[in-house]
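Trainee: Could you take me through one part of this model up close? I'd like to start at a single residue and work outwards from there.

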Amino acid sequence: MGRRTQADRDAITTEIGYAFLSGCFAAALVFGAVYGPALVFDVTPTVDAALKLAAGVLAGVVFLLRITHVLWRFARRPENDGA
């Protein structure tokens, strides 16, 4: 494996940015889906705390899974050797 070209470095940077932003978006959706009912309905403080904890944990897991999926997919893409 030789040195990376500028195009390779740019592609890696772009893919990392995409992975991060799509991970944030997916995590925000999960957080909103889990914690949203606590904002809409009148729930007890215990239920509110449990939903907030569950939403935070699930959002973190979804964020990490999304980043991992995107970057592994990028790493396993077929190389284009000018053919």
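Mentor: Valine 43 counts as partly exposed, because its relative accessibility is 29%, and partly exposed covers the range between under 20% for buried and over 50% for exposed. Bear in mind as we go that this is a predicted model. Where does valine 43 lie? You'll find it in the loop between H1 and helix H2, the latter running over residues 45-75. Skip the residues up to four places away in sequence, and valine 43 touches Ala38 and Asp48.

Now step back into H1, which spans residues 6-40 and holds phenylalanine 31. Is phenylalanine 31 buried or partly exposed? Its relative accessibility is 31%, so phenylalanine 31 goes down as partly exposed. Even so, there's a fair list of partners to look at: once residues up to four places away in sequence are set aside, phenylalanine 31 touches Gly36, Lys52, Ala55, Gly56 and Ala59. While you're looking there, try the backbone too: the C-alpha atoms of phenylalanine 31 and leucine 53 are separated by 9.8 Å, with the two positions 22 residues apart along the chain.

Next, glutamate 15, which also sits in helix H1. Glutamate 15 counts as buried, because its relative accessibility is 15% and the cut-off for buried is under 20%. What covers that stretch? Ignoring neighbours within four places in sequence, glutamate 15 is in contact with Val70, Leu71, Arg73 and Phe74.

Zoom out and the local picture fits into a simple layout: two helices and zero strands make up the secondary structure of the protein chain. Among contacts between residues at least 6 apart in sequence, 74% join residues at least 24 apart. As for overall form, the C-alpha atoms fill a box of roughly 60 × 20 × 15 Å along the principal axes. The radius of gyration comes to 19 Å, whereas a compact globule of 83 residues would be near 12 Å.

On to the surface. Of the 83 residues, 16% count as buried, and glutamate 15 is one that does. The chain exposes about 6400 Å², with carbon and sulfur atoms supplying 68% of that area. For charges, tally 8 positive and 7 negative side chains, and put the centres of the two sets 6 Å apart.

Conventions. Residues numbered from 1 in each chain as written. Predicted model: local features only at pLDDT ≥ 70, side-chain atom pairs only at ≥ 80, totals over all residues. Heavy atoms only, no water. Helix = DSSP H or I, 4+ residues; strand = E, 2+ residues; numbered from the N terminus. Rg over C-alpha atoms; globule rule 2.2 N^0.38 Å. Buried < 20%, exposed > 50% of the residue type's maximum accessible area, 1.4 Å probe, protein only. Contact = heavy atoms within 4.5 Å. Areas by Shrake-Rupley, 256 points an atom, 1.4 Å probe, with all protein chains shown as cover. Lys, Arg positive; Asp, Glu negative; His and termini not counted. Charge placed at Lys NZ, Arg CZ, Asp CG, Glu CD.
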